[in-house]
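Hi there,

Here is the structure I promised to pass on to you. Have it open while you read, and I will walk you through what turned up.

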Amino acid sequence: MKNKRSLKIVAVLIPVLAIGILIYLFSNFQKKKSKIEALKNIPAFSVKDINGNSVANNTLPEGNKILVYFNPDCEYCQAEMDELSKINEKHHDINWIMFTDKPLKEIKRFAEKYKLDKAENIKWCNDPKSEVYLKFAMTGIPYFLGYNSDNKLVHRSTGAIKIEKVLSDFNEK
């Protein structure tokens, strides 16, 4: 008798749990989809660069741009900046907007280490409260968002990637 009762409970519980899990997964998928949809155009943001100047979505330079969220201690970020330092002079048509939540001194040291501190097409920005990270639905570091001259998303990636791959997406779209 007890076994039949337990089987009935399990028989009801399993489908209810399965339906609950499916609803949860669908809901999360919809949220993620809407966040990604919001990135099709550059979302509104405002931060300060390492020189104290305001950098906002409506003050970005014209043309192609790549927004990168990085961490100076991240090995992937270091490798990618090393690669960028070697090829940046061939790609002055691309504007780089680099964000991190680290202190200004660390950002400056990082930029100087890769000799990118004086590059005119790179802005180094401080996001002390990680507002950009959250608003742009970023999921890891480094995180790349590439926008063409019409401010339309052409590249989105997280983690290790070759800078040339990021740049190649501008040629395809």
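**Aromatic rings first**

Let's begin with Phe45, which is buried because its relative accessible area is 7%, under the 20% cut-off. Please keep in mind that this is a predicted model. Phe99 is buried too, with a relative accessible area of 0%.

These two residues form an aromatic pair, one of 8 in the structure. Phe45 and Phe99 meet edge-to-face, with 5.4 Å from centre to centre and 85 degrees between the planes. Where do the two sit in the chain? Phe45 lies in the loop between helix 1 (2-38) and strand 1 (46-49), while Phe99 belongs to strand 4, so the pair links distant parts of the chain, 54 residues apart. Phe45 and Phe99 also belong to one aromatic cluster, together with Tyr69, Tyr133 and Phe136.

Another pair worth finding is Phe110 with Trp124, again edge-to-face: 6.0 Å centre to centre and 75 degrees between the planes. Phe110 comes from helix 3 and Trp124 from strand 5, 14 residues apart. Both Phe110 and Trp124 are buried.

**Helix 3 and its two sides**

Phe110 has company: the buried residues of helix 3 (residues 104-113) are Ile107, Phe110 and Ala111. Why do these line one face of the helix? Looking down the axis of helix 3, you see its buried residues fall within an arc of 95 degrees, so they share one face. As a general point, an α-helix has 3.6 residues a turn, so residues three or four places apart point the same way.

What covers the buried residues of helix 3 includes helix 2, strand 4 (94-100) and strand 5 (122-126). On the face turned away from that buried side you will find the exposed residues Lys105, Arg109 and Lys113. Just after helix 3, look for Lys115, which takes a positive phi of about 55 degrees.

**Helix 2**

Helix 2 (residues 75-87) has 13 residues. From its first C-alpha to its last it reaches 19 Å, close to the 18 Å expected at 1.5 Å a residue. Which residues of helix 2 are buried? They are Cys77, Glu80, Met81, Glu83, Leu84 and Ile87. These residues cover an arc of only 160 degrees around the axis, which puts them on the same side of helix 2. On the other side of helix 2, Glu75 and Lys86 are exposed.

Enjoy exploring, and write back with any questions!

Best wishes

Note on methods. Residues numbered from 1 in each chain as written. Predicted model: local features only at pLDDT ≥ 70, side-chain atom pairs only at ≥ 80, totals over all residues. Heavy atoms only, no water. Helix = DSSP H or I, 4+ residues; strand = E, 2+ residues; numbered from the N terminus. Expected span 1.5 Å × (residues − 1). Buried < 20%, exposed > 50% of the residue type's maximum accessible area, 1.4 Å probe, protein only. Arc of directions from axis to C-beta. Contact = heavy atoms within 4.5 Å. Phe/Tyr/Trp six-rings, centres within 6.5 Å; stacked < 30°, edge-to-face > 60°.
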